[in-house]
Amino acid sequence: MRAWRFIKFRVIAVAAGISILFIGLQIVYGVFFTIMNDAIEVVEKHDYEGAKYGILPDGVMPTINDLLQKTAIIPLMIIAFIAACIVPVLFIVKDYYENKSIRTIMRLPIPKTYYYLDKLFPPTFLLGIFWLMQWGTLSTMARLYIAEVPVEKVTSDVWMTVWNYPPARLLYPFSDLSHMPAALSFLILVPATVILFVLAERSKKRGIFSGVIACSGIIAILMHLLDLPASTWVVPSITATVLIVGIWHVNRIQIA
Amino acid sequence: MIEIKNASAKYGYTYGIKDVTLSFRPGEIIGLFGENGAGKTTLLNAILGYITLSEGEITLDGKHIKRKDMTRISYASSEHTLFPQLTADEHKNFFKAFFPRFSDERYDFLMKFFGLPKEKKFREMSTGQQNQLETIFALSQGADYILLDEPFAGNDIFNREDFYKVLLGILEPTECLIISTHLIEEIKNFVGRVVLLKKSEIVGDKTCEELDEGGRDLISWMREVYNYDENRAADVIRVFQKEQEK
C-alpha cells in the first residue's frame, strides 16, 4: 500500500496513456476495416461492370500499405512518441516548479539512480506497450486483408508489404533483423534524450556536457527516422551513452 | 561526527565555500551565521550531497557520506521542499517509509505544539506553517544531525521563542543541531557554539564557554570578527545630509 501511494500518479498517467493509444489503435483498425471493405466493393463492382461489357481490364485492389496510409496510423505513432516525451518532462518539472520537492527526493537514503529510473521507466513502459499493441494491430490488419481480399487480387506478399511500410519498418524491422536492436533502442532513446535535456537544463552550466550528449541523442533519433544505414549501430550505441550519462548526471551533477 | 576537511565548492568561477574545515559532534547546538551569500546554505548543501565539492571531503564518523547515511542527517529549509499535494500525515507515512527511526511521538507532539492541521495539503498551508512542517519532519526523522536552514522564516517572534524552548526540551543528548540563521539575537542563548562565515570562508568558530571565559558576548565577538564599524551608518547619513544641504 505504501508503494502504491508513491507510484499512483505515474501508474495513472501511464494507464491513461495506454488507454488513449489503445482507443487510437482501435479507431485506426476500424478505419482500415471500412476502407478495405469499400475498396473490395469498388473492385468487385469494377470487375462486374468489366465482365458485363467485356471492355474494362480487371480491377486492381490497393495494397495493404495504400490502405494503411489512409488510416491515421502515422499521426497515432507521432502522438505516442510525443506522449512518451511529455510524461517524463512533466514528472521532472513538477519536482522543481510546483515546489522544490526535488530537494527532499535527493536526500532520501536511496541511490540517486532510482530517481532517474523513476522518470525513465513510465515513458519507456508506455512506448513498449504501444509497440506491442501496434504490432498486434498491424498483424490483425494483415490477417484481415489476407482473409477478406480475393486471392487473385492480392498482388504482393502481404506480410512483406506491411512490414516494409516505411513507418512500420522503423519500429518492426522484421524484413531485416539487423535493424531490430536500433528499433528497440529507439523506444528507450526518445524518453532518455528528453530526460537528459531537462536535467541538463536544470543544472545550467554544469549540464553542458549532458546537453551535448542529449544533442547526440537527437541526431541518433533523426538518423533512425531517416533510416540511414549507420543507424543500425549508432542508435544502440547512443542509447547506451545517453543512459550512462543520465545516470552519471543525477549522481554527480547538482540537480537539486 | 561530521568532519569537513578543506572543503571547497564552486558555482562557476565563484567559491560557494572555500577551504572550510569544521567538525560537528553529537550533542552540539551550533549556530551558523554570516551575511547573505557567505556560504551557509552552500555548506549545508555540501553536507547533504546536493552539490559536489571541488576540493576536500566531508565524512560521517570517518567515512565518506553515502546515500544510506542520509537516514542520520535531516534537513529543513524555508524553501518549501515538501510535496504540495500531500497532507502532513501523508508526509509522515512517506518519511516513515524511508527513515526507519522516524519518531511518531515527536511528530505528534510538535504538530500539536504548532497547532498544524494533519489533513491539510502542504500547498494549502500558510508560508509559516509550511516552514514549521518542514522543521517538524527534520526533527522527527530520527537523525543524529539536524540541519536547519533559516527554519523560522515566516514565523512571528512569539512562535519562534516558544519553539527554541521546546527544542531544548525535546532534543536528545546525542542529537546535533546546526541552525543557519540571521536571527542572531534570538538564538544567542540557545546555541552552544557559533560558526561565522564570511565570503565563503570560516572566519570564526567558538563555543559559548570559550566566549564566557574570555569575558566576551557573542554580538561583540561577531562585530570584532566581521570588523563591524559602529559609526558606519552615522557616517553615511552625515555624508548624505551634507549632499542634501548642497
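**Entry 1: chain A, end to end**

In what order do the elements of chain A run from the N terminus on? I went along the chain and wrote down α-α-α-α-α-α-α-α-α-α. The count agrees with that: chain A has 10 helices and 0 strands. A note to self before going on: this is a predicted model.

Next I looked up the dimensions. The C-alpha atoms of chain A fill a box of roughly 80 × 40 × 25 Å along the principal axes. I then checked the radius of gyration. A compact globule of 256 residues would come out near 18 Å, but chain A has 23 Å.

I also noted how much of chain A is buried: 36% of its 256 residues. For contacts with a separation of 6 or more, residues 24 or more positions apart account for 75% in this chain.

**Entry 2: one residue in chain A**

I picked A:A84, which sits in helix 3 (residues 73-97) of chain A. Is A:A84 buried or exposed? I found 24 other C-beta atoms within 10 Å of A:A84, so this alanine is buried, the cut-off being 20 or more.

Which residues does A:A84 touch, once neighbours within four places in sequence are left aside? My list reads A:P123, A:L126, A:L127, A:V190 and A:P191. I also took a distance to A:V28, 56 residues away along the chain: the two C-alpha atoms are separated by 20 Å.

**Entry 3: chain B, the overall look**

How many helices and strands are there in chain B? I noted 9 helices and 10 strands. The box around its C-alpha atoms, along the principal axes, is roughly 65 × 45 × 40 Å.

The radius of gyration of chain B is 20 Å; for 246 residues a compact globule would be near 18 Å, so I put this down as agreeing. Of those 246 residues, 37% count as buried. Looking at contacts between residues at least 6 apart in sequence, I see that 70% of those in chain B join residues at least 24 apart.

**Entry 4: a sheet in chain B**

I followed an open sheet of 4 strands in chain B, which are ordered 2-1-4-5 with antiparallel pairing. Which strands are at the edges? They are strand 2 (14-24) and strand 5 (63-64) of chain B, each pairing on one side only.

Then I zoomed in on strand 1 (residues 2-11) of chain B, which is joined to strand 2 of chain B by 7 bridges. The two form a hairpin with 2 residues between them. In that turn, B:G12 has a positive phi of about 70°. I wrote down two facing pairs as well: B:A9 stands opposite B:I17, and B:K10 stands opposite B:Y15.

What lies across this part of the sheet? Helix 1 (residues 40-48) of chain B does, crossing strand 1, strand 2 and strand 4 (55-60) of chain B. Its direction makes an angle of about 65° with strand 2 of chain B.

**Entry 5: how confident is the predictor?**

For chain B the mean pLDDT is 88, and 100% of its residues reach 70 or more. Where in chain B is confidence lowest, and where is it highest? The low end is helix 6 (residues 184-187) of chain B, with a mean of 78, and the high end is strand 4 of chain B, at 94. For the complex, I copied down an ipTM of 0.83 and a pTM of 0.81.

I stayed with helix 6 of chain B for a moment, since B:I184 is found there. B:I184 has 15 C-beta neighbours inside 10 Å, so I put it down as partly exposed. Apart from neighbours within four places in sequence, B:I184 is in contact with B:F33, B:I219 and B:M222. I also checked B:K206: B:I184 is 22 residues from it in sequence, and 14 Å from it in space, C-alpha to C-alpha.

**Entry 6: where the chains meet**

How many residues of each chain are in contact with the other? I got 19 residues of chain B in contact with 19 residues of chain A. On the chain B side, helix 2 (residues 88-98) of chain B gives the most, with 3 residues. By class, that side of chain B has 10 nonpolar, 6 polar and 3 charged residues.

Definitions and conventions
Residues numbered from 1 in each chain as written. Chains lettered and ligands numbered in written order. Predicted model: local features only at pLDDT ≥ 70, side-chain atom pairs only at ≥ 80, totals over all residues. Contact = placed C-beta atoms within 7 Å. Nonpolar A, V, L, I, M, F, W, Y, C, P; charged D, E, K, R; others polar. Pairing = 2+ DSSP bridges. Axes fitted to C-alpha atoms, helices over the stretch in contact; angles between N-to-C directions. pLDDT = per-residue confidence, 0-100. Rg over C-alpha atoms; globule rule 2.2 N^0.38 Å. Buried ≥ 20, exposed ≤ 12 C-beta atoms within 10 Å, placed from the backbone.
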